[in-house]
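The exercises below concern the way in which two domains of one protein meet. Each task is followed by a solution that proceeds step by step.

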Amino acid sequence: MEVIASAPGKVILFGEHSVVYGEPAIAGAVNKRAVVKIKKSPTDKTILKSHDLNFEAEINSKSKKYYLKKGKPGIIRYILEALYQHHDHSPIEITLSSNIPIGSGLGSSAAVTVATLAALYKYHGKKFSRRTLADDAHNIEETVQGIASPLDTLVCTNGGLIYLSRDRRFQRLKINFHTPFVIGYTSKHGNTGKMVKDVRDLKENNPGTVALIISSMGVLTNSGKYALLNNDVNKIGELMNINHGLLDALGVSTPELSRMVYLARKKGAIGAKITGAGGGGSIIALCPDNIDTVASEIAKYEHILKTKFTPKGVYFQVKQ
Ligand code: MEV
């Protein structure tokens, strides 16, 4: 038997950082995916390999140790933790493929964790709901990273656009938002924990000012929700630009991120902002008419992906 599970990456459209202080946020699944295949190992060893990410390792899921035959670990820690918590330690072969850039704030670890868990559950014939899958995957992310946003695994599991309210309820927005966007990402990875701490320090030094910036982000996220529900693309772009300015005011932009944002706008993107924690990582630029011009301009300096939101969350296939 071979089990295949696939989960999408994500971007935060509005509300990163302010969400840490109880404000709402909107994130969406994108049409870049991690795919995990699991089958019985032909040997007595558990093998993990990825052609896309260029690594191969022999794994001991009981002791959470691995012997790397090729490549760099990184994402292995999430798979190891998933196996440790949810596998009976029998020898299996795991193949991972992914076109989500690693460590760029695009939910690569959440997608890999969700896909691995879904494949494992299916392999063991375990029944599960999307809710428990997202919760279990979030738990793994927290174990590996220390802190993790529950939004990531929720979006990667359910797909679509998800609104997280002030009272911490999740609502899947009943829309199909088809406008394409460019993701620009730098080779400099942001460190989410450090960026969250830097914002906290800035807030402690400037409580009144930073509180106003954060509450403004909350107001604009709610306006963004209505703009999405009304498919008001120009308004969404305008709000993205304001959100970027506020993120810059919180100190999370970098010269590379700002350059991508301003290049995108110059080439006709109707909105461009950092997505995720900043300090490195990614920007998103909404491009209804000119995605190729924006993408090729950013690609002169950094890496790009052309994407859309996808309603498709985790899905799987079982081959006997
Ligand atoms: C990081 O992707 C988003 C932050 O808001 C942190 C979080 O919500 O955990 C910066």
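**Exercise 1.** Determine how far apart the two domains lie and how many residues each gives to the contact.

*Solution.* In this predicted model, the C-alpha centres of domain 1 and domain 2 are 25 Å apart. The contact draws 28 residues from domain 1 and 41 residues from domain 2. As for the bounds, the domain assignment places 2-174 together with 311-319 in domain 1, and 181-307 in domain 2.

**Exercise 2.** Work out what area is buried between the domains, and which residues of domain 1 lose the most.

*Solution.* The size of an interface is often expressed as the accessible area lost when the parts come together. Between domain 1 and domain 2 that area is about 2700 Å², and carbon and sulfur atoms give 70% of it. On the side of domain 1, the residues that lose the most area to domain 2 are Phe-14, His-17 and Tyr-21, which together account for 26% of what that side buries.

**Exercise 3.** Identify the salt bridge and the polar contacts between the domains, then describe the side of domain 1 by element and class.

*Solution.* The count of salt bridges between domain 1 and domain 2 is 1. Lys-273 and Glu-16 join their side chains in a salt bridge, with 2.9 Å from N to O. Across the interface, 11 residue pairs are in polar contact, both residues being at pLDDT 80 or more. Turning to elements, β1 (2-14) and β2 (25-40) each give two or more residues to the side of domain 1 that touches domain 2, and β2 supplies the largest share, 5 residues. By class, that side holds 16 nonpolar, 8 polar and 4 charged residues.

Terms used
Residues are numbered from 1 along each chain as its sequence is written. Side-chain values use heavy atoms; hydrogens and water are left out. Domain bounds come from an automatic or database domain assignment. Contact means heavy atoms within 4.5 Å. Buried area is the accessible area (1.4 Å probe) that two parts lose on being put together, summed over both. A salt bridge is a side-chain nitrogen of Lys or Arg within 4 Å of a carboxyl oxygen of Asp or Glu. A polar contact is a pair of N or O atoms within 3.5 Å; within protein, one must be able to donate a hydrogen and the other to accept it, and residues adjacent in sequence count only if both atoms are side-chain atoms. Helices (H or I, at least four residues) and strands (E, at least two) are DSSP runs, numbered from the N terminus. Ala, Val, Leu, Ile, Met, Phe, Trp, Tyr, Cys and Pro count as nonpolar, Asp, Glu, Lys and Arg as charged, and the others, Gly among them, as polar.
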